[in-house]
Amino acid sequence: ERVILPRLSDAEFFWKQDRKQSLADRVESLATIVFQKDLGTLADKTQRVVSLSGLIAEQLGADVALTQRAALLAKTDLMTNMVGEFANLQGIMGRYYAVADGENPEVAIALEEHYFPKQSGGATPSTLIGQILSLAEKIDTLSGIFSAGLIPTGDKDPYALRRATLGILRVLIENGIALDVVSLLDSALAQFSHNFNHAETRQRIIDFIFDRLKGYSLDQGFSADEFEAVLAVNPTQPLDFMLRLRAVKAFRQLPEAESLAAANKRIINILKKSDQAISEQIGHLVEVAEKNLLAAAEASNADILPLLAEQNYPMALTRLAQLRDQVDAFFDDVMVNTDDLALRNSRLALLAMLSNQFLKIADISKLQS
């Protein structure tokens with residue numbers, strides 16, 4: 001009691017002192033705190049997050065004005081006596097002070113939620129504005145710190161970029177937000193005016209993001225080869241990436257999976273070794289097996305297009321699995337690298353057409369038997 005009562009008394013005093021000034025009145029004081037020497041002050045960071053939040057809000061159909069209001073106030077509780085004394089109340093006090101100031105309830109909640117998830121496995125923001133603000137704040141920090149050359153190494157990660165990146169991925173995936181993370185990164189990097197190698201920094205961040213996504217995927221029970229199969233086709237929406245990953249995991253349980261994975265590996269090797277440009281036009285074919293494969297591939301292509309448009313990757317792969325018999329017959333009966341150049345080109349074009357149907361979802365040749 002001797003310990004707790006003085007602390008509660010302090011808290012009451014700080015509350016009364018802090019309430020003499022609204023959060024909005026504290027925005028200017030953010031200019032007195034340096035976030036990072038190359039990236040400016042908290043005021044500079046706030047303006048970047050306001051801009052980025054507005055951009056994301058437009059894409060997701062959220063209220064842009066409310067989202068940007070939340071972004072403007074997001075860091076202001078750091079300037080209060082309460083958070084100065086009780087640092088772990090950042091965000092929480094922002095919400096309480098915003099409510100006391102008469103701010104919109106959605107704005108108030110977002111001030112707390114933009115710090116979510118706070119730890120591994122912690123809750124992600126429950127509101128759309130909170131989700132947007134969480135994304136904007138974390139992507140600004142990630143891109144900014146990388147652009148300043150402060151890349152995490154080993155155990156050293158003073159800006160908690162690994163946690164921030166995993167937070168970005170979890171907010172997108174677990175809340176069903178279909179945003180392109182590379183496009184988001186480009187918007188964030190475009191706001192920095194200091195001197196840095198833009199292309200190199202961009203690639204390093206992309207690699208860092210997908211490295212975190214791999215860790216997340218493995219934790220979710222997916223295998224490394226399933227992840228590599230999807231990564232090979234470069235989907236840049238983490239939500240879409242996970243949909244493909246689930247489809248690949250389901251596909252490999254099919255009886256046709258092993259044979260088709262081996263066939264795709266063989267096709268890719270044949271196409272890679274070809275010393276000529278492969279035509280998109282399939283010309284004259286002579287063998288029954290190759291004619292049958294062409295007919296089956298044309299039918300499957302027509303069937304999977306609407307499934308791909310709906311991101312129904314499991315059904316698309318299940319449909320492609322029906323090609324196994326025609327593929328096996330083709331490799332049993334047909335010599336691809338025949339001396340007849342026109343016929344060889346047609347056969348290569350047929351294999352390319354077949355391979356591309358799978359590559360619209362994932363590179364199943366990456367699957368280990």
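Which helix is A349 found in? Select A349 and you land in helix α17, residues 341–359. Helices here are DSSP runs of H or I with at least four residues, strands are runs of E with at least two, and both are numbered from the N terminus.

Before going further, note that this is a predicted model, where local features need pLDDT of at least 70, side-chain atom pairs count only at pLDDT 80 or more, and totals for chains, interfaces and linings use all residues. Residues are numbered from 1 along each chain as its sequence is written, and side-chain values use heavy atoms, with hydrogens and water left out.

**Stop 1: around A349**

Is A349 buried or exposed? A349 is buried, because its relative accessible area is 3%; buried means under 20%, exposed over 50%, and partly exposed in between, using a 1.4 Å probe and protein chains only. Now show its surroundings: setting aside neighbours within four places in sequence, A349 is in contact (heavy atoms within 4.5 Å) with I278, S279, Q281 and I282. For a sense of scale, add V50 to the selection: from C-alpha to C-alpha, V50 and A349 are 50 Å apart in space, and 299 residues separate them in sequence.

**Stop 2: helices α1 and α5**

Next, select residues 4–18, which form helix α1. The end C-alpha atoms of α1 are 21 Å apart, which agrees with the 21 Å that its 15 residues should span at 1.5 Å a residue. That expected span is 1.5 Å times one less than the number of residues.

Colour A11, F14 and D18, the buried residues of α1. Looking down the axis of α1, you will find these buried residues within an arc of 65°, so they line one face of the helix. The arc is taken from the directions that run from the helix axis to the C-beta atoms. Among the elements covering the buried residues of α1 are α4 (81–85) and α5 (92–100).

Move on to α5, where the residues to colour are M93, G94, Y97 and A98, its buried ones. They cover an arc of only 135° around the axis, which puts them on the same side of α5. The cover over the buried residues of α5 includes α1, α4 and α6 (105–113). Just after α5, click on G102, whose phi is positive at about 85°.

**Stop 3: backbone oddities**

Most residues other than glycine have a negative phi, and most peptide bonds are trans. The next three selections go the other way.

- Select F116 and P117: the peptide bond from F116 to P117 is cis, with omega near -10°. P117 is found in the loop between α6 and α7.
- Select N234, in the loop between α11 (224–231) and α12 (238–251). Phi of N234 is positive, near 55°, though the residue is not glycine. N234 is exposed, with a relative accessible area of 58%.
- Select Q311, in the loop between α14 (288–309) and α15 (313–321). Q311 is another non-glycine residue with a positive phi, about 60°. Q311 counts as partly exposed, at 33% relative accessibility.

**Stop 4: pockets and cavities**

Rolling a probe the size of a water molecule over the atoms shows where empty space is left. On a 1 Å grid over the protein atoms alone, a cavity is a set of points where a 1.4 Å probe fits but cannot get out, while a pocket is an open set with protein on both sides within 12 Å along at least five of seven lines; lining residues have an atom within 4 Å of a point. Points are joined across faces, edges and corners, and a volume is the space filled by probe spheres set on them.

Which residues lie nearest the centre of the largest pocket? Select K75, Q90, Y115, E137 and R163, from a lining of 23 residues. The largest pocket holds about 560 Å³ of space. Helix α7 gives the largest share of its lining, three residues.

Two cavities of 30 Å³ or more turn up in the whole structure. The largest cavity, about 50 Å³, is lined by K45, T46, V49, A71, A74, K75, H114 and E137. Helix α2 supplies the largest share of that lining, three residues.

For a last selection, try D18, R19, Q21, S22, L23, R26, T80, Y97 and D101, which line the second largest cavity. This cavity has a volume of about 30 Å³.
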